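Subject: Structure handover and what turned up

Hello,

Here is the structure for you to open. My notes follow below it.

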Amino acid sequence: MKLEQFDFYLPEELIAQTPLLKRDTSKLLCIDKKENNYEHKTFSDIIDYFEAGDTLVLNNTRVMPARLYGQKKDTGAAIEVLLLKNEVDNIWECLVKPAKRIKIGSVVSFGDGIMEAICTRVLDDGFRYFEFKYEGIFQERLDELGTMPLPPYIKERLTDKERYQTVYSKEVGSSAAPTAGLHFTNELLDKIKAKGVNVAYLTLHVGLGTFRPVAVENIEEHDMHSEYYTLDEKTAEIINKTKENNGRIFSVGTTTTRTLETIARDNNGKIVAASGWTNIFIYPGFKFKCVDGLITNFHLPKSSLIMLVSAFYEREKILDLYKIAVENKYRFFSFGDAMIIV
C-alpha cells in the first residue's frame, strides 16, 4: 500500500494544545462496525458500550521526564537529548538534536555537571547511544533535570505535568504518553468495574515506534522501532477467561493493541504472561487475534497509528470518519478527542 493512501486534510487549529479541564468531557466518536454507523457522544458515555463480562485493557506505563537540555562539554553548544530505550546499565538509546555535533566520545553535560552523557555509538537519523554518569539514583537525577517530552506539535506550556500521565500510570519508562488513556478518570473506571467489566493492565514503554513518521512510499517497507512490553499472569488469565466466556476485549490505545496482538501472534491466539521487545507493525490486511474493540485518539496523517486503526476497520471508512471529525471540530492528537470502534 502507498503512504498517500493514509493522508487527509487537517486544519492546524484542530490540533489540541492543552488538555480539557476534566478528562472525560472530551468528545467521543462511536463507531459500530457491524451496523456501519456512528454516533457523537462524550467520553464519559463510553460505559454504555461495555457489557458485564467484557474486559478493558489499559497500558499502565508512566512517562519519564525524558527530554534533557545540555551543553557539549568541549564547545558549550546547546544539545537536546530525548531518552528512548535503556539498553543495559546506564546505556541509553537517544534521539539527539543537533545530531551532527555528537560523535563517539562526545560528552554532554546537564545541570552544570550534575549528570554527563558520553556518546558510545553513532547511528543514522539522529540516533545515538550514551553512557550516563551521575551521583545517586538515575531516576532522581532525571526528575531534577528532565522535562516532559511533549510532541513537537504541542506549542503550549503544560502547567500540570500529571495531565500528560494517565490516572493509572505506574511503571516508569515511557518517552510519550499512551494518550487514549488520558481520557479516563478514577471515577469512570470505578463505574466501569461496577458494571461487571474487568479492568486489566499491561505495560508497554512508549518510544519512537509510536510517533516515528513513516518515510517510505510503500508502507510495507517501514521498520517500526522496538518497544519494551510486559504482561503478567493475572492479566493473561483475565483475558483468556473473557474470551472463553464470549466476552469482548477492549484495548485502550494503539500501544495496548500492539502488545496484545504481539503476544497473541506468538502464542496461536492465546494471551500468556510475557515480556520482551516488539516492533510489530499493524496495517490493513492484518488479522487481529485478541482485540474486539478499540479506543483511540485521532492521529497524524500518514502515521503508523492511523494505519493500525485502518487495519481494525476499513481504510476508506476511517478516512471518511476522520473527515466527519474535522467537520465537527473534533480535537486531534495527544490532548484531543477519542473514538471507540466496536
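In these notes, a contact means heavy atoms within 4.5 Å. Please keep in mind that this is a predicted model.

**Two buried threonines**

Start with threonine 257. This residue sits in helix α5, which covers residues 253-266. Is threonine 257 buried or exposed? Buried means under 20% relative accessible area. Threonine 257 has 1% relative accessibility, so it counts as buried. Set aside its neighbours within four places in sequence, and threonine 257 is in contact with Ser251, Phe288, Val291, Leu294 and Leu308. Leu308 comes up again below, as one of the residues lining the second largest cavity.

Now threonine 55. You will find threonine 55 in strand β3, residues 55-59. Its relative accessibility is 0%, so threonine 55 counts as buried too. Again, leave out neighbours within four places in sequence. Threonine 55 is then in contact with Val197, Asn198, Ala200, Ile238, Thr242, Arg248, Ile249 and Phe250. Which of these side chains makes a polar contact with the side chain of threonine 55? The partner is threonine 242, at 2.5 Å. For a sense of scale, take glutamate 220. Its C-alpha atom is 32 Å from that of threonine 55, and the two residues are 165 apart along the chain.

**Salt bridges**

Side chains of opposite charge can pair when their charged atoms come close. How many salt bridges does the count give? The total is 18. Here are three of them.

- Lysine 2 and glutamate 217: the closest N and O atoms are 4.0 Å apart. Lysine 2 is in the segment before β1 (27-32), and glutamate 217 is in the loop between α3 (208-211) and β13, so this pair ties together parts 215 residues apart in sequence. Lysine 2 has a relative accessible area of 35%, so it is partly exposed.
- Lysine 133 and glutamate 131: the closest N and O atoms are 3.2 Å apart. Lysine 133 counts as partly exposed, at 41% relative accessibility. Glutamate 131 counts as partly exposed as well, at 28%.
- Glutamate 237 and lysine 241: the closest N and O atoms are 3.1 Å apart. Both residues lie in helix α4. They are four residues apart, about one turn of the helix. Glutamate 237 is partly exposed at 41% relative accessibility. Lysine 241 is partly exposed, with a relative accessible area of 45%.

There is also a network. Glu51, Asp54 and Arg248 are joined into one by salt bridges that share partners. Arg248 is also one of the contacts of threonine 55.

**The second largest pocket**

This pocket has a volume of about 260 Å³. Its lining is made of 15 residues. Which of them lie nearest the centre? Those are Asn60, Tyr201, Leu202, Asp232 and Thr235. Three elements each supply at least two lining residues: β12 (198-204), β13 (227-231) and α4 (233-244). The largest share comes from β12, with five residues. By class, the lining holds seven nonpolar, four polar and four charged residues.

**Cavities**

The count gives two cavities of 30 Å³ or more.

The largest cavity holds about 110 Å³ of space. What lines the largest cavity? The residues are Pro19, Leu20, Lys22, Arg23, Ser26, Arg163, Leu182, His183, Arg331, Ser334, Phe335 and Gly336. They divide into four nonpolar, four polar and four charged.

The second largest cavity holds about 40 Å³. Its lining is Met224, Arg258, Ile280, Phe281, Ile282, Ser304, Leu305 and Leu308. Helix α6 (residues 304-312) gives the largest share, three residues. By class, there are six nonpolar residues, one polar and one charged. Leu308 links this part to the start of my notes: it lines this cavity, and threonine 257 is in contact with it.

**Where to look first**

Begin at threonine 257 in helix α5. Then go to the polar contact between threonine 55 and threonine 242. After that, find the bridge from lysine 2 to glutamate 217. Finish with the lining of the second largest pocket, where β12 has the largest share.

Best wishes

Note on methods. Residues numbered from 1 in each chain as written. Predicted model: local features only at pLDDT ≥ 70, side-chain atom pairs only at ≥ 80, totals over all residues. Heavy atoms only, no water. Buried < 20%, exposed > 50% of the residue type's maximum accessible area, 1.4 Å probe, protein only. Polar contact = N/O pair within 3.5 Å; in protein donor to acceptor, adjacent residues only side chain to side chain. 1 Å grid on protein atoms, 1.4 Å probe; cavity = no way out; pocket = protein on both sides within 12 Å on 5 of 7 lines; lining within 4 Å. Points joined across faces, edges and corners; volume = space filled by probe spheres on them. Nonpolar A, V, L, I, M, F, W, Y, C, P; charged D, E, K, R; others polar. Salt bridge = Lys/Arg side-chain N within 4 Å of Asp/Glu carboxyl O.
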